Amino acid sequence: MANIHELTQRFLQVYGESSEGISVFHAPGRVNLIGEHTDYNGGYVFPAALTFGTTLLIRKRSDDLLGLASTNFSEHKHLPIQPIVYDEADDWMNYPKGIVNELQQRGRKFESGFDLLFHGEIPNGSGLSSSASIEVVTAYALLTMAGYETDTVDIALLSQKSENEFNGVQCGIMDQFAVANGKKDHAILLMCDTLEYELIPFDSGSYKLVIGNTNKRRGLVDSKYNERRSQCEQAVQDLKAAFPDVALLGQISLEDFNANQHLIKDETVRKRAQHVVEEIDRVVRSIAVLRANDLAAFGELMNGSHDSLRDLYEVTGEELDAMVDAARAVPGVLGSRMTGAGFGGCTVSLVHEDSIERFKEEVGRKYKEATGLTADFYVCKIGNGVEQLS
Ligand code: GLA
């Protein structure tokens, strides 16, 4: 967690005046435990909020300017709070700008401007949802400061809309939802079609979730991501021959899919759809085995998820596969998989606490031998969703 005293000093360096009137908010990053590339197909996901993410210091201004600054970048600027326009040169600032724009589009009027200082704790490009974390903390903080209601489901939706439309990234709802609605020591079972969700206590006893960062930047992720999305849409079109009312792959049961998959003409499209339908089923089975306290069975489902993302959905790549292979070879590891969009980013493994040091050493070494890259590891605690810090 960030040092608020230091951040306050930084805020005063950038924006001046006294620390009076500064409020502090935090939104986490997220790790998805299972249910990958199912959200935009209207299926289940099972993510959890992390204990680190984005801390935001904010103070009202007496004029109608918006101040944007970050401890992670040197540039900062003031711009009119309205109208807000996307500008590629503004880089990360387009995330908070998109939120301010979206809130105003929804009729939330601000009587004054604000100064904002962000402190990002999520390694850039790691696939742990740094952008969702910035969006959600901005929306929650602005709504709170202006005296509006803060409905965290609504905040997730408007943050996703902003990322889709203002930033042009076609993500699903999982990241923003997890960041907005997470709860300490719980994972979120979310049905992405209806947004019905349940907080499920995640108690893995002497086994810990260990995140491995491949430190491979997720190049090309946007174009490949959009390609997967359209392949899923193509599969739905083909399956309509048997299920005319179906709009999303998540609405088709595994049984119905198995009996009708021949309707999908293109073999690649068929493989993509098979991953989605089986992955949704793996989430359902995960909840059952976790309720029965069978962590070993959950670990096997994690492995099955990764293998399917590697062989059917084809979004893993050399780095993630090398890390997962090395992880599974360590005694005391129940399961290991990629998490997030893929093509780089992070893995998540379920590791016995007595094996963690050996895990870091062996996986780090083998990963470096295989890829030339240095991995980072974080033993993960599950934290709260967005909140105001006292
Ligand atoms: C990214 C997207 C999410 C989700 C995952 C894959 O993290 O932002 O909406 O689609 O990829 O499960």
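Analyst: Start with one scale: a residue is buried under 20% relative accessible area, exposed over 50%, and partly exposed in between. The structure above is a predicted model.

User: Why is asparagine 215 called partly exposed?

Analyst: Its relative accessible area is 33%. Partly exposed is the band between under 20% and over 50%, so 33% falls inside it. Asparagine 215 sits in the loop between strand 9 and helix 6 (221-239).

User: What makes the phi of asparagine 215 stand out?

Analyst: Its sign. Phi is positive, about 55°, although asparagine 215 is not a glycine.

User: Where is aspartate 91, and what is its phi?

Analyst: Aspartate 91 lies in the loop between strand 5 and helix 2. Its phi is near 50°, again a positive value in a residue other than glycine.

User: How do you know whether aspartate 91 is buried, partly exposed or exposed?

Analyst: Set its value against the scale. Aspartate 91 has a relative accessible area of 43%. That is neither under 20% nor over 50%, so aspartate 91 counts as partly exposed.

User: Which peptide bond is cis, and what is its omega?

Analyst: The bond that joins glutamine 82 and proline 83 is cis, with omega about -5°. Proline 83 belongs to the loop between strand 5 (77-80) and helix 2 (94-105).

User: Now glutamine 176. Why is it called buried?

Analyst: Its relative accessible area is 1%. The cut-off is under 20%, so glutamine 176 is buried.

User: Which residues does glutamine 176 touch?

Analyst: Leaving out residues up to four places away in sequence, glutamine 176 touches Ala132, Glu135, Val136, Ala156, Ser159, Gln160, Glu163 and Cys171.

User: Which helix holds glutamine 176, and what makes that helix mostly covered?

Analyst: Glutamine 176 lies in helix 5, residues 174-181. In helix 5, 8 of its 8 residues are buried. They run from Met174 to Asn181, with Phe177 and Ala178 among them.

User: How do you know whether alanine 49 is buried or exposed?

Analyst: Alanine 49 has 0% relative accessibility. Buried means under 20%, so alanine 49 counts as buried. It lies in strand 3.

User: Which residues touch alanine 49, and how far from it is glycine 29?

Analyst: Residues up to four places away in sequence are not counted. Alanine 49 then touches Pro28, Gly29, Arg30, Ala178, Gly182, Lys381, Ile382, Gly383, Asn384 and Gly385. Alanine 49 and glycine 29 are 20 residues apart in sequence, and 5.9 Å apart from C-alpha to C-alpha.

User: Why is strand 6 called largely enclosed?

Analyst: Count its residues. In strand 6 (residues 114-120), 5 of the 7 are buried, so the strand is largely enclosed by the rest of the structure.

User: How do you know that strand 3 and strand 6 pair?

Analyst: Pairing needs at least two bridges. Strand 3 (residues 47-60) and strand 6 are joined by 7 bridges, so they pair. The two strands run antiparallel. Threonine 55 stands opposite histidine 119 in strand 6.

User: What makes strand 4 a partner of strand 6?

Analyst: The same test applies: at least two bridges. Strand 4 (residues 65-70) and strand 6 have 5 bridges, so they pair, in the parallel sense. Serine 70 has phenylalanine 118 in strand 6 as its bridge partner.

User: Why does valine 351 count as buried?

Analyst: Its relative accessibility is 0%, and the cut-off is under 20%, so valine 351 is buried. Valine 351 lies in strand 11, residues 346-352. Beyond its neighbours within four places in sequence, its contacts include Ser206, Tyr207, Gly332 and Phe359.

User: What is the volume of the second largest pocket, and which strand gives the most to its lining?

Analyst: The volume is about 240 Å³. Strand 9 gives the most to the lining, with 3 residues. The lining residues include Asp185, Phe202, Tyr207, Lys208, Val379 and Ile382.

User: What makes up the lining of that second largest pocket, by class and by domain?

Analyst: By class, the lining has 6 nonpolar, 2 polar and 4 charged residues. By domain, at least three residues come from each of domain 1 (4-203) and domain 2 (207-380).

Terms used:
Residues numbered from 1 in each chain as written. Predicted model: local features only at pLDDT ≥ 70, side-chain atom pairs only at ≥ 80, totals over all residues. Heavy atoms only, no water. Helix = DSSP H or I, 4+ residues; strand = E, 2+ residues; numbered from the N terminus. Buried < 20%, exposed > 50% of the residue type's maximum accessible area, 1.4 Å probe, protein only. Contact = heavy atoms within 4.5 Å. 1 Å grid on protein atoms, 1.4 Å probe; cavity = no way out; pocket = protein on both sides within 12 Å on 5 of 7 lines; lining within 4 Å. Points joined across faces, edges and corners; volume = space filled by probe spheres on them. Nonpolar A, V, L, I, M, F, W, Y, C, P; charged D, E, K, R; others polar. Domains from an automatic or database assignment.
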